Amino acid sequence: MDGSTNSLDDVSAGSSAEFPDRLSLMEVRLQAQEDEITLLKSSLADALRKLRLHDQQIPLLKQQLIAVNPGAARVLNQSFCIDGYSKPCRHSTSSLDGLHHPVNSHVLNSENGEGSTAHSVPTVKSSTSESSTQTDPWTPEPTRTPLAPSKSLCLEDALPEGVSLMEEALNKLHQETQEEESTNEEEREKDRSWRSLVEDPIQPTTIRTLQQQHSKSSEESQGSAPQTPTSSSPAPPKEPSSSPHSGPLSPIMESEKTLVRRNSEKQSKDIQDKAKQRMPKKAASSTNLLTRSPSLEGRAKDLLSNTGSQGSRRGTQGHSIKMFIRGRPITMYVPSNIQNYDDLRMDLPSEKLDLDWVYGYRGRDCRGNLYMLPSGEAVYFIACVVVLYHVANRTQRHYRKHTDCVRCLAIHPDKVLIASGQTAGVDKDGKPLQPFVHIWDSTTLVTLQQIGMGTFERGVGSVAFSNADAGAFLCVIDDSNEHMLSLWDWNKNTKVVEVKSTNEAVFAVEFNPADTNNIITCGKSHVYFWTLSAGTLTKKQGIFGKYKKPKFIMCFVFSLTGDVLTGDSEGNILTWGKSAADIKTLGKGAKETFQIMKQTRAHEGSVFTLCVLQGGALLSGGGKDRRIIRWSADLAPERECEIPEKFGAVRTIADVDGEELLVGTTRNAILRGSFSDGFVAIVQGHVDEMWGLATHPFQNIFLTCGNDKQVCLWNAEEHTLGWCTTLEESGLCADFSPNGAVVSVGLWTGRWVVLDLQTREVVSDLIDGNEQLSVMRYSPDGSFLAVGSHDNLIYIYSVTEGGRRYTRFGKCTGHSSFITHLDWSKDGKYIMSNSGDYEILYWDVAGGCKLLRNRYESKDREWASYTCVLGFHVMGVWLEGSDGTDINALCRSHSERIVAVADDFCKVHLFQYPCPKPKAPSHRYEGHGSHVTNVRFTHCDSHLLSLGGKDTCILQWRVKRSGAAEKEHPTSSLPPPTSLNSSSEPGKQKEKEMG
């Protein structure tokens, strides 16, 4: 660690709070832009994929339509012209779904509410077969009728003329259609906008409405008169006339006949005006495209089901539910064994969580946060939890009344009461929350006072109890720009005085143990001596005089003689004392000052902490040199030792009994030991954001990995770190092989390694792509490994030799965004996956890693695990208005009774499983001070593990079953997917908060 690195570490606590608002705003804007770009890309890819699906549906649509209506064959084989030019137009699904008509019918005017006068339209003698449709040639006749001026041709024009017996019924049907169109104008505009964006522009028709009403009109027409057979003599083709509004028309059926338009010139002009009005809609974003209109797949499904075909592939055997994320519809197919979705009942799960253990310590950017109590407990904090760890018994208790990250601690002179201050944080809407200080009893964990609600800004940086008056006052410095210093009578919860401190970072504050009216603060480029007089605080700057002024005053203590000792970034211990007024230098009326009396060279690099022992000796901890030095009362060095490099620098020191010490380090470890016996770690943790979490298939151990490049194996029963190894890159995801012998870890650059659990050796090292990996998942029998990447692909490997040999089997291609989660089916043949654009896809791995395009067929499939955040069985975990990133991870218990959810607002939720209905109730648990990145149940569901992101905290929750809830609801109201049944009594419960 060089000098520059040391300097950066010195300012970490102060500089981190100077510009949080601006940094937070920039991060939010950047994330919003990235989300929008991702969504636009995915929407475009989704539209293109659905267009391909539409093209694949055309042969099936033709076959279905011809089977139902042989007369439609001629229309399907014709080339239609747009705007009078001989340019063929591709028919959309919406254009074809209205062709369920009788062979003979009149063409009606779609622009007004009245039927127009019928012209002579040629009839068709057609014969159909399974493979082709043939049409007899037309016999020309001398009489020809010119086409009326027209903007475009519609599908109605291609329909043959109906017999007179059907005119009355179709006219009546047309009037009903016009009335329905007048009441559904908004839906028609959406449909037009959709077609204008995705398909070639064609004029909208009323074919879909005619199709929906066809059954009724057929009954009426058949009831009025018997149907007359079609004449075998075709009518003559019509000859088009020139028009200023249209160019030359391509003849239909190889120029042997033309069709008669019923629209007048005025009506054609109206069509042009309406088309111009619809032009701005073509500029709609792809997000609105997918949000406001049905998908091509859904339109094809409606068409097939409405035609009455017995071979419809989807939409006829069950129903689907849609949820919306960022305006994008996501279709969930309801399993077959749910008879009545609306009657399903969502209850609170009978299981609850108790915080069992907290792994980690916040030493990387906080100081003065480790103390020893007379009860034998060490007090420290991480995330939102203040931990009381009994060193001898190796047990923990937890104070959990804080709502955001704890930043500072102070111990009352009675060694029982504790003051803890927190940062402000933000709520789920991004609005800042108010910071405060809690004063609580360490024996009972009862909160006695909440200080400063609505007073402090951004957070509480430092707190201190007074000593001379038995701890009646509390001094607080917040993290605002001016670092406001306030003095409180905490028993009365009243503020005595408040004053601006400095615009520079403040690292520590303390009362003079002999005089409550004297307070000292230190930080960047300053040490201030404060005096309270007549309700006013005044400060005096410490004078460095002939000594070099350090960039940072890192810490200070009061010696037993009353002197003030400071440690600075230059590695010196400075002894300060009062001096008489220097009248010669400062002039008449000068007051006494605090000046440096002695300078002692202590460490190479910064002095991070000082601790006074009971006998008057002094301990100092170094940053760069990682040394702990014991000094005599007159600052003569006596003993020293060095902390192992893997634990980092010394952050703080707590005296246990004069000989034994507790040492907090900058790499989030707490060491216990002495100068003679050395030091061992009793608390360890990660030092950067964590994402990877995996639990062992049959042991109570789990593995974590993160951006600090560390891979750690933990024992959930003994609450200890089994081993830790450092990789060359950041680890982002992990999974144990079903045999429990190896674990695979996905890294930042597309590389992934397989580690032997016993030897920690890398038994396999492979690379897939050049982007980060997001998920690793073994199949239930361990024969395959699926690797999800940010390059939108899922790589499949066959696994042999007990998880030590991997061979590429294939890759799943089809996602339009990066892979986020995936799960294997219980038979190990299929995969369900989620992506960053909120897509759910299914894959047939055994069949060659093929994409299952018919998602309806996967609705009853059983999954070996359930970690996908999108799916029918977990749809209820999403809150209304979620943006897709609000839930980072979820995990179903092995018993398939409950599902745990890690959200973006520092909370862990517990829902019943399955949870397929919106607004499902849940137990909610606080403790993390950052977004919760992952959750996993242990192999027997006895515990739940949760990872914090930036708070570097691992929380271990004990899963307990409530007796009362068990009696009231002995089983979940919605059983596992294998036995899903409808519930007769729908009910809802509000979300329950667990403190």
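Biologist: What makes E52 and strand E53 (residues 898–903) a pair?

Modeller: Two strands pair if DSSP finds at least two bridges between them, and here 5 bridges join E52 to strand E53, which run antiparallel, so the criterion of at least two bridges is met. One of the contacts sets Ala889 against its bridge partner Ala902 in E53, and in the hairpin of the two strands, with 5 residues between them, Glu896 takes a positive phi near 60 degrees. The strands themselves are DSSP runs (E, at least two residues), numbered from the N terminus.

Biologist: What should I keep in mind about the origin of these values?

Modeller: This is a predicted model, in which local features need pLDDT of at least 70 and side-chain atom pairs count only at pLDDT 80 or more, whereas totals for chains, interfaces and linings use all residues. Residues are numbered from 1 along each chain as its sequence is written, and side-chain values use heavy atoms, with hydrogens and water left out.

Biologist: Why is strand E52 (residues 887–892) described as largely enclosed by the rest of the structure?

Modeller: Buried means under 20% relative accessible area, exposed means over 50%, and partly exposed lies in between (1.4 Å probe, protein chains only); 6 of the 6 residues of strand E52 are buried, so the strand is largely enclosed by the rest of the structure.

Biologist: How do you know that Glu351 and Arg961 form a salt bridge?

Modeller: A salt bridge requires a side-chain nitrogen of Lys or Arg within 4 Å of a carboxyl oxygen of Asp or Glu, and the closest N and O atoms of Glu351 and Arg961 are 2.9 Å apart, so the pair satisfies the definition. The pair links distant parts of the chain, with Glu351 in strand E7 (residues 351–359) and Arg961 in strand E58 (residues 954–961), 610 residues apart.

Biologist: Why is Glu351 called buried, and why is Arg961 called partly exposed?

Modeller: Glu351 has 9% relative accessibility and therefore counts as buried, whereas Arg961, with a relative accessible area of 28%, is partly exposed.

Biologist: What does the salt bridge between Glu660 and Arg672 tie together?

Modeller: The side chains of Glu660 and Arg672 meet at 2.2 Å, N to O. Glu660 lies in the loop between strand E32 (650–655) and strand E33 (661–665) and Arg672 in strand E34 (residues 670–674), so the pair ties together parts that are 12 residues apart in sequence. Glu660 is buried because its relative accessible area is 19%, while Arg672, at 29%, counts as partly exposed.

Notes:
Helices (H or I, at least four residues) and strands (E, at least two) are DSSP runs, numbered from the N terminus.
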